[in-house]
Amino acid sequence: MADMSGQDPSEITMATVDEERKGATFSGTVILGIDPDAGEVVFFRDFLIEDYKGELTANLATDGDITKSIDLGELDHKSPSFRLPIPLGTDTLPYNTVVLSDKKSKKKILTINL
């Protein structure tokens with residue numbers, strides 16, 4: 001996990017997740033921050049997904065709206081702590097949620113308010 005100690009704490013946006021949706025349990029911390037090696041990223045720290053059978057993708061979205069989002073890619077079910085990079089040059093100010101959706105059906109599973 002990247003060291004975020006050089007950042008102004010007031011500029012680190014994060015959420016704690018502990019929810020059950022669609023028969024699956026999601027828990028951990030989601031952080032929108034800066035990785036010194038990779039630029040802006042969404043960190044998933046100690047993020048556990050229990051009882052979900054499909055593959056999930058993540059989008060950085062405005063108010064949970066997938067049509068106003070950036071596709072961050074597939075979630076790593078094997079590791080509880082991982083990061084998904086945000087495309088270089090992206091203005092992240094309008095984005096206030098991370099939306100997890102089923103990779104196959106594209107159906108929204110969980111919205112995380114940052």
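In what order do the four strands of the open sheet run, and with what pairing? The order is β1-β2-β3-β6, and the pairing is antiparallel. Before going further, bear in mind that you're looking at a predicted model. Back to the sheet: β1 (13-21) and β6 (82-85) are its edge strands, each pairing on one side only. From one strand to the next, the twist averages 25°. As a reminder of what holds such an arrangement together, strands of a sheet pair through backbone hydrogen bonds, either parallel or antiparallel.

Let's start at the β1 edge. β1 pairs with β2 in the antiparallel sense, and nine bridges join the two. They make a hairpin with two residues between the strands. Look at K22 in that turn: its phi is positive, at about 50°. R21 stands opposite A24 in β2, and A15 stands opposite V30 in β2.

V30 is a good place to pause. It sits in strand β2, which covers residues 24-35. Is V30 buried or exposed? V30 has a relative accessible area of 0%, so it counts as buried. Its contacts, leaving aside neighbours within four places in sequence, are T13, M14, A15, V17, V42, F43, F44, F47, V98, I112 and L114. One of these, V17, is 13 residues from V30 in sequence, with the two C-alpha atoms 7.5 Å apart in space.

Now step to T29, which is also in strand β2. Which residues does T29 touch, not counting those up to four places away in sequence? The list is M14, A15, T16, F43, F44, R45 and F47. T29 has a relative accessible area of 13%, and because the cut-off for buried is under 20%, it counts as buried too. In general, side chains in a regular strand alternate between the two faces of the sheet.

That brings us to the packing. The largest nonpolar core has 25 residues, and within it F44 and L100 touch the most other members. Which elements give two or more residues to this core? They are β1, β2, β3 (39-50), β4 (56-62), β5 (65-74), β6, β7 (97-102) and β8 (108-113). β2 gives the most, with four residues. F44 has already come up, as a contact of V30 and of T29.

Further along the chain there's another hairpin to look at. β7 and β8 pair in the antiparallel sense over five bridges, with T97 having N113 in β8 as its bridge partner. Five residues lie between these two strands, and K106 in the turn has a positive phi of about 65°.

Next, the charged side chains. How many salt bridges does the model have? The count comes to two. In one, the side chains of R83 and D35 meet at 2.2 Å, N to O. This pair links distant parts of the chain, as R83 is in strand β6 and D35 in strand β2, 48 residues apart. The two partners sit in quite unlike surroundings: R83 is partly exposed, with a relative accessible area of 40%, whereas D35 counts as buried at 1%.

The other salt bridge joins the side chains of E74 and K103, at 2.7 Å, N to O. E74 lies in strand β5 and K103 in the loop between β7 and β8, so this pair ties together parts that are 29 residues apart in sequence. Here E74 is partly exposed, with a relative accessible area of 37%, and K103 is partly exposed at 40%.

Finally, how much confidence does the predictor place in all this? The chain averages a pLDDT of 86, and 89% of the residues score at least 70. Where is confidence lowest, and where is it highest? The lowest mean is in β1, at 78, and the highest is in β4, at 96. So keep that value for β1 in mind when you look at the hairpin it forms with β2. At the very start of the chain, pLDDT stays under 50 over residues 1-5, for which the model has 14 contacts beyond four places in sequence.

Notes:
Residues are numbered from 1 along each chain as its sequence is written. This is a predicted model: local features need pLDDT of at least 70, side-chain atom pairs count only at pLDDT 80 or more; totals for chains, interfaces and linings use all residues. Side-chain values use heavy atoms; hydrogens and water are left out. Buried means under 20% relative accessible area, exposed over 50%, partly exposed in between (1.4 Å probe, protein chains only). Contact means heavy atoms within 4.5 Å. Two strands pair if DSSP finds at least two bridges between them. Axes are lines fitted to C-alpha atoms, for helices over the stretch in contact, and angles run from 0 to 180 degrees between N-to-C directions. A nonpolar core is a set of buried Ala, Val, Leu, Ile, Met, Phe, Trp, Tyr and Cys residues joined through side-chain atoms within 4.5 Å. pLDDT is the predictor's confidence in each residue, from 0 to 100. A salt bridge is a side-chain nitrogen of Lys or Arg within 4 Å of a carboxyl oxygen of Asp or Glu.
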